Amino acid sequence: MSQVLDVLTDAVRRTTGLPNAVARPGQVTFTQDTWDAMSGSGHVAASAPVGLGKSFATAVPAMLRAAQHGERTLMSTESISLQTQLIEKDLPVVADAVEAATGVRPRFAVYKGWSNTACFQAVAAHALTLLDDAGVAVPVAARQPTPQALDVLARLLAKVPTAGTSREPKTFDLGQGPVPGADMVALLAWAARAATKTDPSDADRGRYPGNLPDGAWASVSVSTAECIGVSQCPFADMCAPARARTRAAEADVVVTNHHMLAVQATTSAPVVIGNKTLGTFEHVVVDEAHTLPGIVRSAGACEISARRIGSLVAGLRSLMDDGDRAVTRALDDGAVLAEQVSEVLGRALRAVAGPGGVVRLGEEDDPLGGLGQAISGWAAQVGALVTPLTEDPHVPSAIKARRMVARAESLSADVRTVTTHAWGVARWAQPDERDANLPVAKASPVDVASALYNTLWTAPVPFDEDGAALVDERRWVGPRMGGDDPDEELDDGESEQRYALSVTACSGTMPAGYGAQAGLRATVKDYPSPFAEAYSQCLLYVPRAADDQDISALCPSTFGRRPRLETGAHTAWAAAKIEALVDASGGSALILAATAKAGREYARRLRESFAGRFNVLSQWDGRTAGALVAQWRADTTSVLVGTRSLMTGTDAPGDTCQLVVLDRIPRAASNPVDDARVESAMTRAEVDRWAADRWVYVTDASLLLEQAAGRLVRSAADRGVVAVLDPRLLKVGPLSYPEPTRKVYLGALAAFTTRTSELVAATDHLATLDQARRATAPARAA
């Protein structure tokens, strides 16, 4: 144990440059707990606040286990930015420290989904198609599967005209929908040039600096199902996804993302854990772990609609000659099926639609009215027609054909999911979110604990060619655990010997019941925040709504009944307070709205009020989130307005962000998946609906609230105000949440110990901070 702490101290000193620096107390404890878990296949669920140093606390034990015992660790993060931080900043420092202590340098690599890296076969095929259509002469040498040929194609793409006679750029459709010409040409040229680079990560989607409209990246990448295989591909020698996978297979620590884990959890395919090419892992580290169950539910969600069938019809028509009798028959059958699906689902919605037009489906309900078998048969017919086109890797349409086959197979599988009752899966029908006149049948997993345990936290024991186990027998745990359904029977093929991986799950905002949600044998442990002093010098402002004027503004339709806050009226009420707060702060603010409609209104009002004084940026300005946040960080007096997607992962120095405003608690609207989670909680815990509702909807909202409020304090020097403009958080006055709910929400804000309900106190605090900032600005600039 002493060595792991010595390595931790060395890593801290290397990254700070301070010879006497020491690890923070919470970081030390978390490192010890992670080491203990890895030493015995244990589980840790850590509520580790911002600034604790989670990366070092997990990477040091992982790399030391690799150096001492040859054990490998899979680290999963939620976002590309966190992956980049680990690979480029944290892991190199830890590797240096471990090498200094042991003489062994652990290797590390990133492993993303196959389609996250450009496929040079797809790039070459689409570039040649685009160049030929544009009438650009392509020499024979540039049509060869070599890096030099792709470099020539990149230069030739500069000759493609991307504007027609109108002022709008010409668009190109390479099989994934129309993409502006300038964007498509730039992407293809960048991807072609990446073939000349030695590092496969140069072809990663996250490295592309340009604009990526919908459908663009899919034109330069393929999934594993769409790939023809390295053994057949003429571009195999330069295949960036294959090189990335080889590098990951040789690494001691492999960094991936939650979406990869989610695919494995929902399909049981050995995407990472149990993957023979990647090799065996003994440990898993999950950062931002609170998001994983939700990502798994999203990954397992599926739908059947007339739109989806019609899209497959359109794809078939674009690939094949509709003069062929079999193709014509398939096109006609698909069009008829689409109409029938729309009619059957529409009839169900009109008959028993609930709130929001949603129809919950019972055990015996078939939303497709018996059409499932016909849809599956038609999908198989489409796959059979298209499959011959997938066999020639030199045909540009082969990639599109493989994509069509995968889509047909997915349609057939999803039909079974939405038409068949299964324990732990919610099924429902509702209007299409893009077109209310088109109904859709949907399904999504609800309880994912057993899926995570069976597919990620345990795995089949691997054996070598001589029959020797490749993991220590002390890790063996017997057959997989049954599902949460007590009537589930395990197939004979599912009783193979399994081994347990150690699991360290950590997050700055971890719900109390996370272990049960994620299939972990651990209760959540809280670690102390290193920024307690910073929080104590910040201010939490929650306005009162106690007088008649406020009640009238917030509850205009009360008319003698018990006051009930109306969201539309709340937006106007909150906007005035936002303007006063931003004015006092001199900008430097992050405004977070519960809905896009409210966010747009706040941005409009702020631009009208402060035009020429400072920039007001908004999530709806048409730029990528990364570009928007980068501009906000650089312009320290600017204001950024957004909604849920900016409540997590949006960081900026204190000068840029000294005011964070949430207009109201970001509770999700009632929906079939969370309603099913409520019902499951009622059954499991034997509680009433109110308690179960708090466990699901209120807890989820409190986690997002804590994440959003946490945007303010990202370092020990940060100071400012968090304003939650929801008077229901206060116990006084006629507007208040039920006391158990109110306590949960206030618990999410517990770090802010200095509080006020007076607007003038909040504006005075901000004005003082703004004055101090302005006074030190010249010195900082110098």
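**Exercise 1. Find which residues R711 is in contact with, leaving aside its neighbours within four places in sequence.**

Solution. Start with the rule: contact means heavy atoms within 4.5 Å. Under that rule, and without its neighbours within four places in sequence, R711 is in contact with L590, L646, M647, T648, G649, T650, D651, C657 and V660.

The model is predicted, so local features need pLDDT of at least 70 and side-chain atom pairs count only at pLDDT 80 or more, while totals for chains, interfaces and linings use all residues. Residues are numbered from 1 along each chain as its sequence is written, and side-chain values use heavy atoms, with hydrogens and water left out.

Next, place the residue. R711 sits in the loop between α23 and β21; helices (H or I, at least four residues) and strands (E, at least two) are DSSP runs, numbered from the N terminus. Then take one residue from the contact list: L590 is 121 residues from R711 along the chain, and their C-alpha atoms are separated by 8.5 Å.

Last, check accessibility. R711 has a relative accessible area of 4% and is therefore buried. Buried means under 20% relative accessible area, exposed over 50%, and partly exposed in between (1.4 Å probe, protein chains only).

**Exercise 2. Give the strand order of the open sheet of 7 strands and name its edge strands.**

Solution. Two strands pair if DSSP finds at least two bridges between them. Applied here, the order is β18-β19-β17-β20-β21-β16-β22, with parallel pairing. The edges are β18 (616–618) and β22 (755–756), each of which pairs on one side only.

For one pair in detail, take β17 and β20 (residues 659–662): they run parallel and are joined by 4 bridges. Within this pair, L592 has L662 of β20 as its bridge partner.

Now add the helix. α23 (residues 689–709) lies across β17, β20 and β21 (721–724), and runs at about 155 degrees to β20. Axes are lines fitted to C-alpha atoms, for helices over the stretch in contact, and angles run from 0 to 180 degrees between N-to-C directions.

**Exercise 3. Work out the order of the open sheet of 4 strands, and explain why one side of β8 and of β9 is left without a neighbour in the sheet.**

Solution. The order is β8-β11-β10-β9, and the pairing is antiparallel. β8 (302–305) and β9 (359–360) are at the edges with a single partner strand each, so one side of each has no neighbour in the sheet.

Go through the pairs in turn:

- β8 and β11 run antiparallel and are joined by 4 bridges; I304 stands opposite A441 in β11.
- β10 and β11 run antiparallel with 7 bridges; P431 has P439 of β11 as its bridge partner.
- β9 and β10 (residues 425–431) pair in the antiparallel sense over 2 bridges; V359 has A429 of β10 as its partner.

Then consider burial of β11. Because 7 of its 7 residues are buried, β11 is largely enclosed by the rest of the structure. P439, A441, A443 and P445 point one way from β11, and V440, K442 and S444 point the other way. In a regular strand the side chains alternate between the two faces of the sheet.

Finally, helix α14 (residues 397–419) lies across β8, β10 and β11 (439–445), at about 95 degrees to β8.

**Exercise 4. Describe how α5 packs with α6.**

Solution. First the geometry: α5 (residues 120–133) and α6 (residues 147–156) pack at about 40 degrees, with their axes 11 Å apart. The two helices are therefore oblique to each other. Angles under 35 degrees count as roughly parallel, over 145 as roughly antiparallel, 65 to 115 as roughly perpendicular and the rest as oblique.

Second, the residues: F120, V123, A124, A127, L128 and L131 in α5 meet L150, L153 and L156 in α6. By class, this contact has 9 nonpolar, no polar and no charged residues. Ala, Val, Leu, Ile, Met, Phe, Trp, Tyr, Cys and Pro count as nonpolar, Asp, Glu, Lys and Arg as charged, and the others, Gly among them, as polar.

**Exercise 5. State where S41 and S588 are found, and whether each is buried or exposed.**

Solution. S41 is found in the loop between α2 (25–39) and β1 (43–47). Its phi is near 60 degrees, a positive value in a residue other than glycine. S41 counts as buried at 18% relative accessibility.

S588 is in the loop between α19 (567–585) and β17 (589–592). S588 also has a positive phi, of about 50 degrees, and is buried with a relative accessible area of 0%. Most residues other than glycine have a negative phi.
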